[in-house]
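Colleague: Hi! Could you walk me through this model? I'm new to reading structures.

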Amino acid sequence: MEEIVQELQKISEILLQNQTPAWLTYLSSLGPLILTGISVFIACRQHKQNQNLQKQIANRDSSNLLRQNVLEVYNAYFNGLRVVDQAVGNVADVFASPQSLQQWVYEFQRAYEMLACSYNQAKLMLDDDQLLQALKTSFYKFNDLYGCVNSYYHSGLPISAMNNAWAVVSPKYMINAGDYVTLSQNLPAMEEFWKLCENRHTQDIRKFMEAFKSSMEDETFDKHFKKYIQMNQL
């Protein structure tokens, strides 16, 4: 007990003499270092959190961009299917009128350009053998159809077939040649006109249309896209 009292007296005398104990001096010198260490620790932790956040944002943006690009490819293919569906039911009907033929071929040409661009984009963008194989199969079917349509359309044979059909139907049903309004109101005349406009070229075109449709109607075609379209947000 006496030793404690003596030590307290010593500390009191030192304080009265305005002298700082050595241990207190050491502790004071360590204070700035401790504060600096704490600041560095906080800064490093915040930097790591910011890096993780930036990585999450980058991954999310990348996923959204991939999803958008894949969706554009999907839409391009089904736009091609939509255009084919307009004519596959009755190819002769499409090729029986200059106006309907011109309009359909215009849409068909645009659909082909979109589909070709999307297929090439997919080859550069995706590393998915199954999806790329499905896209390749459908594109090649559409490409075969495009070649057949393009060849027949620019051959002049459709107009020749129409003129020959009018030469038969016009006098038989008393309809002026080129009067498609009156023709459409006479079902027997219209059906005979369509039949006269049909030939081996239109039959080949129909076969290529059906082949393309079959490649798109395969259930696995949509399944290949779902993992991209339904990609979870990060």
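Colleague: Let's start small: which helix is Q86 in?

Modeller: Q86 sits in helix 2, residues 22–88. Helices here are DSSP runs (H or I, at least four residues), and they are numbered from the N terminus. Residues are numbered from 1 along each chain as its sequence is written. Keep in mind that this is a predicted model, where local features need pLDDT of at least 70, side-chain atom pairs count only at pLDDT 80 or more, and totals for chains, interfaces and linings use all residues, while side-chain values use heavy atoms, leaving out hydrogens and water.

Colleague: Thanks! Is Q86 buried, exposed or partly exposed?

Modeller: Q86 is partly exposed, because its relative accessible area is 41%. Buried means under 20%, exposed means over 50%, and partly exposed is in between, with a 1.4 Å probe and protein chains only.

Colleague: And what does Q86 touch?

Modeller: Not counting residues up to four places away in sequence, Q86 touches V94, W104 and E107. Contact means heavy atoms within 4.5 Å. The side chains of Q86 and E107 also share a polar contact of 3.5 Å. That term means a pair of N or O atoms within 3.5 Å; within protein, one must be able to donate a hydrogen and the other to accept it, and residues adjacent in sequence count only if both atoms are side-chain atoms.

Colleague: New topic! Where is E192, and which residues does E192 contact?

Modeller: E192 lies in helix 8, residues 187–197. Leaving aside neighbours within four places in sequence, E192 is in contact with V168, V169, K172 and Y173. The side chains of E192 and Y173 are joined by a polar contact of 2.7 Å.

Colleague: Now helix 6: which of its residues are buried?

Modeller: P158, A161, M162, A165, W166, V169 and S170 are buried in helix 6. The cover over the buried residues of helix 6 includes helix 4 (98–125), helix 5 (129–153), helix 7 (180–184) and helix 8.

Colleague: Why do buried residues three or four places apart make sense in a helix?

Modeller: An α-helix has 3.6 residues a turn, so residues three or four places apart point the same way.

Colleague: Neat! And what comes after helix 6?

Modeller: Helix 6 is followed by M174, whose phi is positive, near 55°.

Conventions
Helices (H or I, at least four residues) and strands (E, at least two) are DSSP runs, numbered from the N terminus.
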